[in-house]
Amino acid sequence: MWVRQWWSEQRREKYVHYSTLLKELRTEDETSFYNYTRLPRALYDELLHRIEGKIKKKDTWYRKSLRPSLKLSITLRHLACGDSY
């Protein structure tokens, strides 16, 4: 098993940083979004569009792959401040 049973897909969507913080920053606070990713929203969207096909993986019967937008946000956050997840 790749993920503990109590950490279901629904709980991950509800509690992880991407599902809550980054979505709020995108819609409510451009300055904080820039501070978090070091990119303006338009450039973030363009970068995601350019690399999405290269970093996207297929879902399998035993687990769902991480979304390209999640991978990009984690990578940018790590490059911006050195945080690890």
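So, let's start where α4 meets α5. In this predicted model, Tyr44, Leu47, Leu48, Ile51, Glu52 and Ile55 on the α4 side are in contact with Pro68, Ser69, Lys71, Leu72, Ser73 and Leu76 on the α5 side. If you sort the residues of that contact by character, you get 8 nonpolar, 2 polar and 2 charged.

How do the two helices cross? The axes of α4 and α5 come within 9 Å, at an angle of roughly 115°, and the crossing is right-handed.

Now let's follow α5 itself. Which of its residues are buried? Those are Pro68, Ser69, Leu70, Leu72, Ser73, Leu76 and Arg77. Do have a look at Arg77 on your screens, a buried arginine.

And how does the length of α5 work out? The helix has 14 residues, so at 1.5 Å a residue we should expect a span of 20 Å, and the C-alpha atoms at its ends are indeed 20 Å apart. Just past the end of α5 comes Gly82, with a positive phi of about 85°.

Let's step back to the core. The largest nonpolar core is made of 9 residues: Leu22, Leu25, Phe33, Tyr36, Leu39, Tyr44, Leu48, Leu72 and Leu76. At least two of these residues come from each of α2 (17-28), α3 (30-37), α4 (41-55) and α5 (68-81). You'll recognise Tyr44, Leu48, Leu72 and Leu76 from the contact of α4 with α5 that we began with.

One last core residue, for anyone who wants to zoom in: Leu25. Leaving aside residues up to four places away in sequence, Leu25 touches Glu30, Ser32, Phe33 and Tyr36. Of those partners, Phe33 and Tyr36 belong to the core as well.

Thanks, everyone!

Terms used:
Residues numbered from 1 in each chain as written. Predicted model: local features only at pLDDT ≥ 70, side-chain atom pairs only at ≥ 80, totals over all residues. Heavy atoms only, no water. Core = buried A, V, L, I, M, F, W, Y, C linked by side-chain atoms within 4.5 Å. Buried < 20%, exposed > 50% of the residue type's maximum accessible area, 1.4 Å probe, protein only. Helix = DSSP H or I, 4+ residues; strand = E, 2+ residues; numbered from the N terminus. Contact = heavy atoms within 4.5 Å. Expected span 1.5 Å × (residues − 1). Axes fitted to C-alpha atoms, helices over the stretch in contact; angles between N-to-C directions. Left-handed = near helix turned anticlockwise from the far one by under 90°. Nonpolar A, V, L, I, M, F, W, Y, C, P; charged D, E, K, R; others polar.
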